[in-house]
Protein chains: 2
Amino acid sequence: MQSFTDIQALVFDVFGTVVDWRSGVARDASAFLARHAPGADPFAFADAWRLRYSPAMQEVRSGRRPFTRLDVLHRENLEAVLPQFGIDPADVVSSELDALNLAWHSLDPWPDSVPGLARLKRRFIIAPLSNGNIRLMLDMAKRAGLPWDAILGAEVVQAYKPAPEAYLRTAEVLMLKPAQVCLVAAHNGDLAAARQCGLRTAFIPRTTEHGPDQATDLRPESDWDAIAADMEDLAEQLGL
Amino acid sequence: MQSFTDIQALVFDVFGTVVDWRSGVARDASAFLARHAPGADPFAFADAWRLRYSPAMQEVRSGRRPFTRLDVLHRENLEAVLPQFGIDPADVVSSELDALNLAWHSLDPWPDSVPGLARLKRRFIIAPLSNGNIRLMLDMAKRAGLPWDAILGAEVVQAYKPAPEAYLRTAEVLMLKPAQVCLVAAHNGDLAAARQCGLRTAFIPRTTEHGPDQATDLRPESDWDAIAADMEDLAEQLGL
């Protein structure tokens with residue numbers, strides 16, 4: 001890993017790369033669905049909710065909507081997804097939806113994430129560069145023991161990935177050149193956008209992020225600066 | 001501490017309250033002065049540098065200058081203070097001043113800070129609400145082991161204390177009402193500004209922050225919600 005000698009900070013995609021959002025959301029949706037849509041598949045619910053994630057942020061990225069934190073977008077998307085499962089939003093009390101919306105704050109890390117991050121933290125600044133908002137990332141880290149040095153990401157820089165500002169302003173608040181920052185992600189598209197901005201890139205496959213039939217991001221699609229099996233392997237490759 | 005039951009986050013003033021800026025800056029200034037102004041008092045240098053802190057931020061608070069991170073203000077103030085010690089800024093290479101400016105990133109905590117914060121973290125979200133910028137707070141925390149849940153403060157909210165926006169926007173990114181947030185500080189003025197915004201307040205005296213002849217903030221000047229001898233006593237009072 002000769003190429004990593006100038007790198008001072010590792011920033012991480014979180015949903016999918018550090019934590020397993022699909023299982024976590026399905027877990028919390030399960031009790032909700034048992035009450036409101038018996039027989040509905042909690043994993044299908046998680047997938048349907050997540051499917052509205054990127055289009056909602058696109059409203060912000062396009063400039064049609066001012067920056068709005070992800071918790072608000074998730075909450076709107078939740079109401080939008082209910083009818084797909086035969087649930088009338090008017091039949092559910094608001095506080096119950098607020099509680100379900102917090103599923104995203106309570107996601108479990110992949111088994112290698114916490115030990116891998118702890119090792120990487122010895123040499124590098126480590127921080128999330130997620131589209132999740134500050135409080136979401138904070139609650140998740142506190143519950144799961146993710147040892148971040150700071151909570152960075154979309155809300156700090158007021159821009160959603162893959163907009164270039166999300167990467168460039170994050171390097172800027174770290175007072176680093178883009179080439180001194182490496183994005184760690186399980187998504188080729190995220191890494192491509194980061195590389196376009198001059199950041200270094202590390203790919204970790206998460207082949208069950210979308211469940212057993214996942215068809216995307218099964219392998220690296222470019223010559224990323226590092227390619228590791230998981231966070232612990234990344235630490236290993238970097239001599240930590 | 002009946003009144004603390006609704007509080008979810010403790011946010012901390014840092015310079016003076018969590019760390020001993022005067023000794024730390026004097027330590028790093030000492031070698032610099034030995035080279036450029038033999039015989040000069042490093043503590044007097046630290047005091048003179050710090051004296052320019054508030055006026056520099058006032059330029060931002062007043063709107064005369066766009067938000068500028070503290071590292072930049074510190075660096076400008078450093079050049080301004082050199083002639084007071086008989087040093088011509090033109091005689092010092094820029095990289096040496098850059099290095100001295102990092103003294104603020106390497107301040108030591110008071111002895112009770114790390115153990116106290118670790119205890120408070122068990123029940124509360126803990127984060128700096130400092131005028132220091134993100135990278136400064138991050139470097140300080142990583143070096144000293146300050147166990148913050150997130151790095152908040154002036155750069156995140158683009159406002160310098162005691163402007164109301166600094167407190168109100170910090171509560172807002174935490175998705176809390178001001179009354180659910182408590183500022184912990186050694187400075188009565190900071191606490192008064194926070195209370196004005198609806199935050200709760202905790203005072204910890206740091207009677208040697210300004211050296212042995214300190215005349216200000218020796219005691220609480222109002223009925224703050226908590227008054228503790230140090231961070232560990234605050235944890236004790238809160239049953240942690």
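Which residue in β4(A) is the bridge partner of Leu10(A)? In this predicted model, that partner is Cys182(A). The views below start from there and work outwards.

**View 1. The pairing of β1 and β4 in chain A.**
Strand β1 of chain A covers residues 9–12, strand β4 covers residues 181–185, and the two pair in the parallel sense over four bridges. One of the matched pairs is Leu10(A) with Cys182(A). Another puts Ala9(A) together with Val181(A) as its bridge partner in β4(A). Ala9(A) has a second neighbour to look for, since it also stands opposite Ile125(A) in β2(A).

**View 2. The whole sheet of chain A, strand by strand.**
Zoom out a little and you get an open sheet of six strands, in the order β3-β2-β1-β4-β5-β6, with parallel pairing. Which strands sit at the edges? They are β3 (152–153) and β6 (226–227), and each of these pairs on one side only. Going from β1(A) towards β3(A), four bridges join β1(A) to β2(A), and these two strands run parallel. Next, β2(A) and β3(A) are joined by two bridges, again running parallel. At that junction, Ser130(A) stands opposite Gly153(A) in β3(A).

**View 3. Strand β4 of chain A and its link to β5.**
Is β4(A) mostly covered or mostly open? Mostly covered: five of its five residues are buried. In a regular strand the side chains alternate between the two faces of the sheet. Here, Val181(A), Leu183(A) and Ala185(A) point one way, while Cys182(A) and Val184(A) point the other, and all are buried. On the β5 side, β4(A) pairs with residues 200–203 in the parallel sense over four bridges. Val184(A) is a handy landmark here, standing opposite Ala202(A) in β5(A). To get from β4(A) to β5(A), follow helix α10 (residues 188–196); the three together make a right-handed β-α-β unit.

**View 4. Strand β2 of chain A, with helix α7 and strand β3.**
β2(A) is mostly covered as well, with six of its six residues buried. Ile125(A), Ala127(A) and Leu129(A) point one way from the strand; Ile126(A), Pro128(A) and Ser130(A) point the other way. Together with α7(A) and β3(A), β2(A) makes a right-handed β-α-β unit. Helix α7 spans residues 134–144 and has eight of its eleven residues buried, so the rest of the structure largely encloses it. The buried ones are Ile134(A), Arg135(A), Leu136(A), Met137(A), Leu138(A), Met140(A), Ala141(A) and Ala144(A). Right after the helix comes Gly145(A), with a positive phi near 75 degrees.

**View 5. Helix α9 on the sheet of chain A.**
Which strands does helix α9 (residues 164–173) lie across? The strands are β1, β2 (125–130), β3 and β4 of chain A. Relative to β2(A), the helix runs at about 150 degrees.

**View 6. Where chain A meets chain B.**
Each side brings its share to this contact: 23 residues from chain A and 23 residues from chain B. About 1,900 Å² is buried between the chains, and carbon and sulfur atoms give 59% of that. On the chain A side, the residues that lose the most area to chain B are Arg135(A), Lys142(A) and Met175(A), together 31% of what that side buries. Of the interface residues of chain A, 100% are also interface residues in chain B, so the copies meet through the same surface.

**View 7. The axis relating the two chains.**
A turn of 180 degrees with a shift of 0.0 Å along the axis lays chain A on chain B with an RMSD of 0.0 Å. The two copies are therefore related as by a two-fold rotation axis. To find that axis from chain A, look for Ala150(A), whose C-alpha comes closest to it, at 2.6 Å.

**View 8. Lys161 of chain B and its neighbours.**
Lys161(B) belongs to the loop between α8 (154–157) and α9 (164–173) of chain B. Buried or exposed? At 6% relative accessibility, Lys161(B) counts as buried. Among the residues that Lys161(B) touches are Asp13(B), Arg61(B), Ser130(B), Tyr167(B) and Asp190(B). Arg61(B) lies 100 residues away in sequence, yet the C-alpha atoms of Arg61(B) and Lys161(B) are 8.4 Å apart in space.

Key. Residues numbered from 1 in each chain as written. Chains lettered and ligands numbered in written order. Predicted model: local features only at pLDDT ≥ 70, side-chain atom pairs only at ≥ 80, totals over all residues. Heavy atoms only, no water. Pairing = 2+ DSSP bridges. Contact = heavy atoms within 4.5 Å. Axes fitted to C-alpha atoms, helices over the stretch in contact; angles between N-to-C directions. Least-squares fit on C-alpha atoms with pLDDT ≥ 70 in both. Buried < 20%, exposed > 50% of the residue type's maximum accessible area, 1.4 Å probe, protein only. Right-handed = clockwise from strand over helix to strand, strands pointing away. Buried area = accessible area lost by both parts, 1.4 Å probe. Lists of a residue's contacts leave out its neighbours within four places in sequence.
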